Every structure is written in structure tokens, then in C-alpha cells.
Amino acid sequence: MAVDGMAAPGRKGPQKPTDDPSFVRWSKGMRLDGSPRGVTYIVEDYVASGSFSRVFRVRVETTPRTVARSLEGARNRWTKSRGEVFAAKVMRKEDSYIQYTSNGPKEGELLQRLESQQREAGLEPLTMRCVDSFPTKDDVGQEYWCLILEWLDASLFDLVRSNGNRGLHLSMVRTLLRQLLEQLKVLQDLDCTHTDIKHKNCCLVSTEHYMAPSSDGATMILSDPMAKFIDYGNAVFEGAPKPHPIHTKQFRAPEVLLKVHGGWGPASDTWTLGVTGCFLVSGQLIFNSHDPQELLRLMGQACGAFPPRLLLAAEDARMRRCAENIQAPRQPQLASWLNLDRKGPAEAACADLLLNMLALDPSERISASDALCHPFLAENGEGAKVPVPPQGQLPLRRL
């Protein structure tokens with residue numbers, strides 16, 4: 001067995017904490033004790049693993065009034081009552097992997113702080129809810145930290161994959177992007193940067209859907225599309241220390257690649273959500289490379305020439321020279337890449353919004369607040385209409 005943090009036999013590079021088979025020994029029916037609410041959570045099944053955690057579907061064994069009251073607030077347009085099913089995110093109290101770090105208590109506090117600040121402002125909480133945070137033990141007595149989160153369904157990555165790796169109907173893109181921008185506005189209003197928005201970190205409340213005809217075959221239409229950001233483990237408030245770099249490589253913002261003077265900020269989340277939006281439209285990652293210089297080249301092709309002001313602020317000389325030498329086309333190619341050019345007003349509006357979200361200079365990038373007023377998302381704007389379900393398509397299906 002590889003030593004934690006060292007490469008496993010036959011594997012290059014450092015090992016993720018969850019690559020260790022002894023990380024969170026579990027079984028169905030395992031009890032997650034230790035909640036300050038006096039609640040025990042029972043593991044029903046394994047769901048997934050990230051770099052630092054394993055996620056399980058759990059149910060509450062007992063429900064004190066404090067938890068019952070907490071659950072009442074979750075039953076709004078963003079969450080549906082699913083009995084008392086939750087997601088348990090189990091991780092070490094503190095951990096690290098390459099340049100990334102994990103802190104279980106800090107993540108729980110951040111999620112609860114975001115919810116509290118929204119409630120104090122008289123707003124409906126839009127961000128993912130954390131209803132419990134506590135130390136616990138696995139089946140063999142090893143100590144971990146546990147976050148009890150509202151239960152969500154499949155990710156946007158799973159949704160597009162189930163749609164045949166094709167882009168979604170523009171009506172779905174519009175609805176999902178608007179919901180995620182509403183959450184991003186909350187974060188930006190609070191000067192908080194998520195730092196890891198991507199297709200796998202946006203999850204649906206429900207995957208109920210029907211199939212509707214489209215120009216390239218039947219496409220999935222969610223009956224009640226609702227999505228939320230997950231994995232706030234590396235979220236940062238302005239004024240706190242900032243790690244470098246951030247983002248999954250295919251989503252990494254240009255200010256991070258160039259290491260601009262003054263660093264990155266909340267606008268970098270707009271970039272990563274823009275890349276996610278392009279994935280919803282096309283079914284593909286538009287910047288699909290792990291090579292930083294190739295990422296810059298693709299950005300120049302899709303979004304246009306790098307602004308001189310941004311290049312002057314770049315502290316990575318090698319990456320700055322790379323960006324300076326890119327032969328950008330006269331017109332950004334993003335709309336063409338997404339097959340949104342030379343079509344109707346909805347397609348043109350969608351391409352314009354995404355291009356504004358992917359402005360290379362973060363100071364020129366559209367904010368979440370302004371994006372919500374864009375014609376593609378505005379109530380009576382240019383957004384595509386939702387197709388009605390064809391006869392015979394009900395009852396609804398699930399992924």
C-alpha cells in the first residue's frame with residue numbers, strides 16, 4: 001500500500017486521499033454519530049468520491065424538533081421534501097493534495113454562514129444547505145469529519161452524458177444557467193469565490209424528464225429543472241489567504257494561468273460558470289487540455305486577442321509571452337464552436353451572454369447581477385421556449 005501523499009505502485013504523481021482503500025471504511029447501516037443535535041445518521045449507500053471525501057446517502061434515525069425545524073426551511077422552490085434523506089460528506093478534519101487543501105469544519109461553517117447571511121437579509125437561501133457538521137468515526141473507529149448536506153441528484157456532467165453527450169435544449173440551458181447565476185450573485189454580493197465551479201460540481205434537485213424531438217434527435221427536457229453548486233471545500237472570502245492555482249485545469253481562468261498582479265477574485269467564478277454554460281450548449285469542454293499554453297491558445301481562438309492591460313499585469317513571463325504570440329482571429333470563434341452562429345435570436349443571445357462571461361480581462365467580465373438582466377435570461381427576453389412533452393411521454397423518466 002502506498003504511503004499517504006505518495007504515488008501508488010504503477011501510478012505517477014501524488015495520490016489523492018480517497019485513492020487509499022482504507023479511507024473511510026464503511027458498510028450499509030453504519031451509524032454516523034457525534035452530531036451536536038443529538039442525531040444519528042444511518043448510511044444507506046455509497047454515492048461518490050472526490051479528492052478528499054466520500055459521499056453517502058443517509059437517513060436520520062431520530063429527528064429532534066431542532067432538526068425538524070431546520071428541515072422546514074429546506075422545502076422551498078429549490079428543494080423538495082424527500083423524507084429525511086441527506087448526503088453525508090465524510091472527510092478528514094484537515095487534508096491536502098498537491099496545492100489543494102481540505103478543512104471539514106471550515107467548509108461546514110462557510111455553508112452555514114452563507115445561509116445565515118441570506119436569511120438575515122430576508123432572502124430565500126439559494127446556496128447548498130449544510131444542516132449538520134461534526135466529528136465522527138468510520139466502521140473501524142478511524143476519526144473523520146462529517147457534513148450533512150441537503151440531498152441532490154445527478155450532476156450536469158451526468159445529465160449531458162445521458163443526453164448522448166450532446167448539448168441540451170436552449171430552454172434547459174437558460175433555466176439552469178439562470179439558477180446558477182442567482183447563486184453566483186449571492187456569492188459575489190458576499191465577496192466569496194467558490195473556486196471550483198464546473199459541470200461535475202453543479203447538481204440537480206431532480207432528474208425527472210421527458211424526451212422531446214430536436215434537430216439532431218430526441219433531447220432530454222427536465223420537468224422541474226433546478227441545480228445547485230456543490231463542493232465549497234476551497235471557497236474563499238475576500239481578505240482571506242488565497243491559494244494558487246485554483247480551478248480544474250479545463251476551467252481555469254486566464255487571470256489564474258497568467259498569474260496576474262493582484263491575483264484572482266469573484267470574477268473568476270463567472271469564467272468557470274461560463275465554461276460550464278458552454279458545456280451545456282455543446283456537450284463538450286471547449287478548453288479541453290491540461291497544457292496551460294494550449295489553454296491560452298484555445299482562449300484566444302474562442303474569445304479574441306488578450307487585452308494589453310491583462311498582459312501587462314501578468315507575472316508569469318513565460319505564459320505572458322505565449323499569450324502575446326497567439327494569432328487570434330478577427331472575430332471570436334465561440335459562437336461557431338457552439339454551433340450558435342447564423343441561427344435565431346435565442347442562439348445569438350446565448351452566444352453573446354457566454355462571450356461576456358468569458359471576457360479574458362476579469363475587470364471587463366460581466367457580473368452575475370448584470371448577467372441575470374441579459375436578454376437571454378430576462379423574463380421577456382430572447383430565451384428559447386420549453387418544448388411540451390409529446391403524447392405518450394408520460395409518466396416522467398429519471399436518470
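This report describes the fold, helices and salt bridges of a predicted model.

## Overall make-up

The model is predicted. Its chain contains twelve helices and 14 strands. Of the 399 residues in the chain, 51% are buried. The accessible surface amounts to about 18,000 Å². Carbon and sulfur atoms contribute 48% of that surface.

Contacts reach far along the sequence. Taking the contacts in the chain with a separation of 6 or more, 71% are between residues 24 or more positions apart.

## The six-stranded sheet

Six strands make up an open sheet. Their order is 1-2-3-4-8-7, and the pairing is antiparallel. Strand 1 (31-32) and strand 7 (130-137) are the edge strands. Each of these two pairs on one side only.

Inside this order, strand 3 sits beside strand 4. Strand 3 covers residues 53-60 and strand 4 covers residues 85-91. The two run antiparallel and are joined by seven bridges. One residue pair gives the register: Ser53 has Met91 in strand 4 as its bridge partner.

## Helix 2 on the sheet

Helix 2 spans residues 104-120. It lies across strand 4, strand 7 and strand 8 (143-150). Strand 7 is one of the edge strands. Relative to strand 7, helix 2 runs at about 165°.

## Helix 4

Helix 4 takes in residues 170-189, 20 residues in total. From first C-alpha to last, helix 4 reaches 28 Å. That is close to the 28 Å expected at 1.5 Å a residue.

How much of helix 4 is buried? The helix is mostly covered, with 16 of its 20 residues buried. Just after helix 4 comes Asp191, which has a positive phi of about 55°.

## Salt bridges within helices

The structure has 20 salt bridges. Two of them link residues about one turn apart in a helix, as follows.

In helix 7 (residues 292-303), Arg297 and Glu294 lie three residues apart, about one turn of the helix. Their side chains form a salt bridge at 2.8 Å, N to O. Arg297 is partly exposed, with a relative accessible area of 36%. Glu294 is also partly exposed, at 25%.

In helix 9 (residues 317-324), Glu324 and Arg320 lie four residues apart, again about one turn. They form a salt bridge whose closest N and O atoms are 4.0 Å apart. Relative accessible area is 46% for Glu324, so this residue counts as partly exposed. Arg320 has 24% relative accessibility and is therefore partly exposed as well. Elsewhere, Arg31, Asp33 and Glu61 are joined into one network by salt bridges that share partners.

## The Glu238–Lys242 pair

Which residue meets Glu238 in a salt bridge? The partner is Lys242, at 2.9 Å from N to O.

Are the two side chains' residues buried or exposed by the usual cut-offs? Buried means under 20% relative accessible area and exposed means over 50%. Glu238 has 36% relative accessibility, so it falls in between and counts as partly exposed. Lys242 has a relative accessible area of 33%, so it too is partly exposed.

Methods:
Residues are numbered from 1 along each chain as its sequence is written. This is a predicted model: local features need pLDDT of at least 70, side-chain atom pairs count only at pLDDT 80 or more; totals for chains, interfaces and linings use all residues. Side-chain values use heavy atoms; hydrogens and water are left out. Two strands pair if DSSP finds at least two bridges between them. Contact means heavy atoms within 4.5 Å. Axes are lines fitted to C-alpha atoms, for helices over the stretch in contact, and angles run from 0 to 180 degrees between N-to-C directions. The expected span of a helix is 1.5 Å times one less than its number of residues. Buried means under 20% relative accessible area, exposed over 50%, partly exposed in between (1.4 Å probe, protein chains only). Accessible areas come from the Shrake-Rupley method with a 1.4 Å probe; for residues, only the protein chains shown count as cover.
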